[in-house]
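Trainee: I would like a close look at a single part of this one: the place where empty space is left, and what stands around it. Please take me through it slowly.

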Amino acid sequence: MSPQTPDPVVVAGRVSQAIDLDYRQSVLPSGYVAGGLSDVQRQALRKRIVDAYEGYYTGDQLHQRLTAMLAWADEIAGAPNLRSTAVTLSSFKSQVDMASFPVLSVTGSYDVFLVNERGSGVSLSSWGGTLSMTFAANLERVGGAWLVSNLTQWQGNFVPDPSARRTGGVDRVPSPSPSGK
């Protein structure tokens, strides 16, 4: 394979990493308390988001995702808004269409186990389970890396995990089952 010909495994891996990044960015770093972030923490969270997204997305897709995630970072700094506490991307399957080179198309599906929470203290509630998704992505080679220039996702089934449900500040975050479901 010549250096100019993309490796389908690498391209599929980039899409998987970009999707995983989307879910993981809503997990606050250790020591960060939703609704109680200092300005230094808020700025660090924003920088982490920008640095991460610039490594996987480009163009309008980068702009859209940064706009949404930076707004979330600003909101969560002052209010205990929706965030994730557990994320595991599993069952990632994809097919790379090389026919559109130099822009590549990737389609596929994945499952993600996640636990989301909202609120704080006695108002804390959480829920979670396994979400099945399908996707279509386009990637472009930018500065030597394959970056996602378009990503469309469609939600399939959501299978709740009763052990992820909590109310009243009871701290209990389950681990996904070995099958990811």
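Mentor: Happy to. A pocket here is an open set of points on a 1 Å grid over the protein atoms alone, where a 1.4 Å probe fits and protein lies on both sides within 12 Å along at least five of seven lines. Points are joined across faces, edges and corners, and the volume is the space filled by probe spheres set on them. Please keep in mind that this is a predicted model, in which local features need pLDDT of at least 70 and side-chain atom pairs pLDDT 80 or more, while totals for chains, interfaces and linings use all residues. Residues are numbered from 1 along each chain as its sequence is written, and side-chain values use heavy atoms, without hydrogens and water.

With that settled, the largest pocket comes out at a volume of about 320 Å³. Its lining (residues with an atom within 4 Å of a point) consists of Asp22, Tyr23, Ser26, Met69, Trp72, Leu82, Arg83, Ser84, Leu114, Asn116, Leu131 and Gln153. Two or more of these lining residues come from each of helix 1 (8–24), helix 3 (59–78), strand 1 (83–97) and strand 2 (104–118); helices (H or I, at least four residues) and strands (E, at least two) are DSSP runs numbered from the N terminus. By character, the lining holds 6 nonpolar, 4 polar and 2 charged residues, where Asp, Glu, Lys and Arg are charged, Ala, Val, Leu, Ile, Met, Phe, Trp, Tyr, Cys and Pro nonpolar, and the others polar.

Tyr23 is a good residue to follow away from the pocket. Tyr23 lines that pocket, and together with Ile49 it touches the most other members of the largest nonpolar core, which has 39 residues. Such a core is a set of buried Ala, Val, Leu, Ile, Met, Phe, Trp, Tyr and Cys residues joined through side-chain atoms within 4.5 Å; buried means under 20% relative accessible area, exposed over 50%, and partly exposed in between (1.4 Å probe, protein chains only). At least two core residues each come from helix 1, helix 2 (39–54), helix 3, strand 1, strand 2, strand 3 and strand 4. Helix 3 gives the largest share, with 8 residues.

Tyr23 also belongs to an aromatic cluster, with Phe92, Tyr110 and Phe135 as the other members. Rings of Phe, Tyr and Trp (its six-membered ring) pair when their centres lie within 6.5 Å; planes under 30 degrees apart are stacked, over 60 edge-to-face, and the rest tilted. The model has 5 aromatic pairs by this rule. One of them joins Phe101 and Trp146, a tilted pair with 6.5 Å between centres and 55° between planes. Because Phe101 sits in the loop between strand 1 and strand 2 while Trp146 sits in strand 4, this pair ties together parts that are 45 residues apart in sequence. Phe101 is partly exposed at 41% relative accessibility, whereas Trp146 is buried at 6%. Back in the cluster, Tyr110 and Phe135 make a tilted pair too, at 6.3 Å centre to centre and 40° between the planes. Tyr110 is in strand 2 and Phe135 in strand 3, so here the parts tied together are 25 residues apart in sequence. Both of these residues are buried. Phe92, in strand 1, is partly exposed with a relative accessible area of 25%.

Just before Phe92 comes Ser91, also placed in strand 1. Its phi is positive, near 55°, in a residue other than glycine, and at 35% relative accessible area it is partly exposed.

Now for how the strands are put together. Strand 1 and strand 2 pair antiparallel over 12 bridges (pairing takes at least two DSSP bridges), and Gln95 stands opposite Thr107 in strand 2. The two strands form a hairpin with 6 residues between them. In that loop lies Pro102, and the peptide bond joining Phe101 and Pro102 is cis, with omega about 20°.

Strand 3 (residues 125–142) and strand 4 (residues 145–160) run antiparallel as well, joined by 13 bridges. Glu140 stands opposite Leu147 in strand 4. This hairpin has 2 residues between its strands, and Gly143 there takes a positive phi near 55°. In strand 3 you will also find Ser126, buried at 1% relative accessibility. Ser126 and Thr167 are 6.7 Å apart in space, C-alpha to C-alpha, though 41 residues apart in sequence.
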